[in-house]
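Open the model in your viewer and keep the selection tool at hand. We will go from stop to stop, picking out residues as we go.

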Amino acid sequence: MFRPRRMRISPAIRNLVRETILTPQDFIYPVFIVAGENVEEEISSMPNCYHLSVDRAVEWARKISAAGIPAVEIFGLPEYKDEIGSSAWDMNSPVQRAISAIKKSVPELAIIGDVCLCQYTTHGHCGKLDGNYVDNDATLELLQKVAVSQSEAGADIIAPSDMMDGRILAIRSALDSNGFKNVAIMSYSAKYASGYYAPFRDAADSAPQFGDRKQYQMDCANVIEALKEVDLDVDEGADIIMIKPALAYLDVVAKVKERIDLPLAVYNVSGEYAMVKSAARNGWIDEKRIVLENLTSMKRAGANMIITYHALDAARWLNES
Ligand code: PBG
Ligand code: ZN
């Protein structure tokens, strides 16, 4: 009789047959940059995540890199908002300044710039409005400016999260024609219209002021459509494909993994993080076990990299084990 339990008999044997190994090198740590100096303020909807000024973000970048985490993704809270989100491509904005400062002080860390307009527009939508409609093609021109400005600041990877059609091609051509042929694109290819983004929208002050994002982000009921989005982004020149959120969408991750030969990322989003943190704080779950189990399941489903607010804690747990 074949007995699968033979291979579970001891920690050594279990280590030998383990199929999925999680390491700090799988992680991307998201950081939120604000104006000012010496700011390190905990985000109320996201325990143990902080709003950081540029100087503090550099210190964090050192800590992140020392933990073995290879990359950060930069989000920003601008000093001003307008109808078209022009602070998103202002070279003096917190994001652009943080990118240059981190590049200069911690050159070994890869810097990913989140490209979207919702934090920067007064209406909180991810593009330029035409009445109540987000105008796709007019938005592409603005996203090009954001991508070029972040590349100028020193970003290694541009990550558009807006879900406009044709944005990968538009950004690729803007990067190429501005001398940034080696700046890569990580596409939020299948980004679902999800309730799991709520804590982030508080943290980034980016909630839409009317309506929702369902005319551009995907319906959570669809997977064939996600494959189409992925195919389009591959054709348009994306270097990394991302699925977001992670946990409730691991079926999508597994399907996309079978289909593409590009690196695949997942975004373990703010709501997933907040649920774990709050249950752990109540003593209902063991935080370390649950976090490592969740992250392992994302990798098992096919993710090569995981954007996660748990990155620093998980790296510490992995490094000490
Ligand atoms: C902005 C953006 C969002 C997230 C990343 N970029 C929110 C949204 O689309 O409303 C969510 C990240 C998270 O919840 O952790 N386009
Ligand atoms: Zn957005």
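Select Ser270 and ligand 1 together: a polar side-chain atom of Ser270 sits 2.7 Å from an oxygen atom of the ligand. Keep in mind that this is a predicted model, so every distance on the tour is computed from predicted coordinates. Taken alone, ligand 1 exposes 400 Å², and the protein buries 100% of that area.

Now add Lys191, where a polar side-chain atom is 2.8 Å from an oxygen atom of ligand 1. Gln217 is the next one to pick, since an N or O atom in its side chain lies 2.9 Å from a ligand oxygen.

Widen the selection to the whole shell, which has 17 residues. Nearest to ligand 1 are Lys191, Arg201, Lys244, Ser270 and Tyr309. Colour the shell by class and you should count nine nonpolar, three polar and five charged residues.

**The space around the ligand**

Hide ligand 1 for a moment. What is the space taken by ligand 1? That space is the largest cavity, and its volume is about 150 Å³. A search of the whole structure turns up two cavities of 30 Å³ or more, and we will visit the other one shortly.

For the largest cavity, select its lining of 19 residues; Cys118, Lys191, Tyr197, Phe200 and Lys244 lie nearest the centre. Two elements, β9 (184-191) and α6 (198-204), each give two or more residues to this lining. By class, the lining of the largest cavity divides into nine nonpolar, five polar and five charged residues.

**A cis bond at Lys244**

Stay with Lys244, one of the residues nearest ligand 1, and step along the chain to Pro245. The peptide bond joining Lys244 and Pro245 is cis, with omega at about -10°. Most peptide bonds are trans. To place Pro245 in the fold, show the loop between β10 (240-244) and α8 (250-259).

**The second largest cavity**

Next, select Tyr29, Pro30, Val31, Phe32, Cys49, Tyr50, Leu52 and Trp60, the residues that line the second largest cavity. About 40 Å³ of space lies inside. Which classes of residue make up the lining of the second largest cavity? There are eight nonpolar residues, with no polar and no charged ones.

Switch to a cartoon view and highlight β1 (27-33) and β3 (46-52), the elements that give two or more residues to this lining. The largest share, four residues, comes from β1.

While β3 is highlighted, look for Asn48, which is found in that strand. Check the backbone there: phi of Asn48 is near 70°, a positive value in a residue other than glycine. Most residues other than glycine have a negative phi.

**The largest pocket**

For the last stop, turn to the largest pocket, which holds about 480 Å³ of space. Select Arg18, Glu19, Thr20, Thr296 and Arg300, the closest to the pocket centre among its 15 lining residues. Then show the elements that give two or more residues to the lining, α1 (11-17) and α10 (287-301). Of the elements, α10 gives the most, with seven residues.

Finish by colouring the lining of the largest pocket by class: four residues are nonpolar, three are polar and eight are charged. Set this beside the second largest cavity, where no charged residues occur in the lining.

Note on methods. Residues numbered from 1 in each chain as written. Chains lettered and ligands numbered in written order. Predicted model: local features only at pLDDT ≥ 70, side-chain atom pairs only at ≥ 80, totals over all residues. Heavy atoms only, no water. 1 Å grid on protein atoms, 1.4 Å probe; cavity = no way out; pocket = protein on both sides within 12 Å on 5 of 7 lines; lining within 4 Å. Points joined across faces, edges and corners; volume = space filled by probe spheres on them. Nonpolar A, V, L, I, M, F, W, Y, C, P; charged D, E, K, R; others polar. Near = heavy atom within 4 Å. Polar contact = N/O pair within 3.5 Å; in protein donor to acceptor, adjacent residues only side chain to side chain. Areas by Shrake-Rupley, 256 points an atom, 1.4 Å probe, with all protein chains shown as cover. Sits in = over half its atoms within 2 Å of the grid points.
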